[in-house]
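Open the structure in your viewer and keep the selection tool at hand. The stops below say what to select and what is there.

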Amino acid sequence: MKTTASSNSVAYGEPGIFRGHFSFADPRLSGYMWPLCEIRGDRDGPRLCISAGVHVNEVAAIEAAVRLQKLFDPRKIQGSVSIIPLVNQPALYKYSEYVCPLDGKNINFSFPGDPNGSFSEILCDAIMNEWCVGADCYVDMHGGDLRENVSKFTIFQHTDDPVLDERARRMAMCFDAELVVGLPVAHISKPGRPPTGFASKNRLAIMSEAGANGLVDEASVQFHVDGVLNVARALGILDTPSTEFQRARVPCDDYIWVACPTDGEFYSEVEPGDRIHKDQRLGTICDLFGETVAEIAAPETGFLLWRITHPSIPNGSPVLAIAVEERAASQRQGDIRTQQSQTTIRPWHGTNVRFKPELLQKKGNTDENHNDYSITHRGFVACCPVGTRQG
């Protein structure tokens, strides 16, 4: 990394606060400089890397990254905290949803990257192997692009290593989340999110998600800020008391995407954080005459992670996602659930539904990635492959 310090900065690598920009070593990334704030204590210790702006419209996370720069005092921390507030530099001021405009790829699903790949893949490789070298944990903050509403949740990656799994779960539980999602081990076999890419190399990364519709809302910003500070405390960088938890932090072990069965206008009957039941109607798809053409049903019992808020959705595009509660957690008796998790369930009312004939022929098929999709009498359910949704 080649760094350029601002006038109010210590030299990079020295105790204190570095403010400035840096470039990665790979010449194919040389056209861009990344903003960097790194706070280094007088005492050696753990290293925490924090980023936002992989998706440039997820502005609550970006604002959290800006605020966090002022919340670590180098005189009071042990180790170092390194913050990149905006990763997707080619998308800055272009407001691209989800993708890097240079190669059309979603950086969020390109980890661990490829040094011989496209821009996004090279960038992910550089993040892991240049900026995050020696990091005890990497936290990538997300949530609430232009057309989506996201529950407050965190993601970590399950592996075959129980020690790494426990560390990852512990870091994910540092956030005052409604849901804590552990991705299935099978995700590691393909490029994916930072928790997946890092876990494939026996390293630790987690993600936080909160926000809606490309807006800076205080509750989402504070969710990210408090969670990252708690991670720093868990690592031993800070020795201050953790913030109190108000939400349920329900452990989940699957992340299911549901696709829109046909072009149309989506009318949701659930909101992020709602508890939902298998086969429950989650919403309807109508045409521009207001006629219902399909209904969307829940493929599993769980919680709504996010949904698309713009009603016009094309056939096959992800419309919402569900987190499936861990079996052991769902069978526990007497669990305390906060108001966010005790949402009234809207029953499915057996209205007449009309489907396009071509959709009815898809029952029981699988796609090229062996993901099941089918039509039922209550609607279309698609478990989309990882990376289909751009968020």
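Start with the space inside the protein: the count comes to one cavity of 30 Å³ or more. A cavity here is a set of points, on a 1 Å grid over the protein atoms alone, where a 1.4 Å probe fits but cannot get out. Grid points are joined across faces, edges and corners, and a volume is the space filled by probe spheres set on the points. The largest cavity holds about 40 Å³.

To find the largest cavity, select Gln 157, Leu 164, Ala 168, Pro 195, Ala 199, Arg 203, Leu 204 and Ala 205, which line it; lining residues have an atom within 4 Å of a point. Two elements, α3 (162-172) and α4 (194-199), give two or more residues each to this lining. By class, the lining has six nonpolar, one polar and one charged residues.

A note on the model: it is predicted, local features need pLDDT of at least 70, side-chain atom pairs count only at pLDDT 80 or more, and totals for chains, interfaces and linings use all residues. Residues are numbered from 1 along each chain as its sequence is written, and side-chain values use heavy atoms, with hydrogens and water left out.

Next, select residues 218-235, helix α5. Helices (H or I, at least four residues) and strands (E, at least two) are DSSP runs, numbered from the N terminus. Helix α5 has 18 residues and reaches 26 Å from its first C-alpha to its last, close to the 26 Å expected at 1.5 Å a residue. Of the 18 residues in α5, 13 are buried (under 20% relative accessible area with a 1.4 Å probe, protein chains only; exposed is over 50%, partly exposed in between). After α5 comes Gly 236, with a positive phi near 95°.

Now go to Gly 134, in the loop between α2 (119-131) and β6 (137-142). Is Gly 134 buried or exposed? Gly 134 is exposed, with a relative accessible area of 57%. Add Cys 49 to the selection: the two are 85 residues apart in sequence and 9.6 Å apart in space, C-alpha to C-alpha.

Then colour by pLDDT, the predictor's confidence in each residue, from 0 to 100. The protein averages 87, and 84% of the residues score at least 70. Over residues 332-390, pLDDT stays under 50.

Finally, show the whole protein, which has seven helices and 20 strands. Buried residues make up 55% of its 391 residues.

Conventions. 1 Å grid on protein atoms, 1.4 Å probe; cavity = no way out; pocket = protein on both sides within 12 Å on 5 of 7 lines; lining within 4 Å. Nonpolar A, V, L, I, M, F, W, Y, C, P; charged D, E, K, R; others polar. Expected span 1.5 Å × (residues − 1). Contact = heavy atoms within 4.5 Å.
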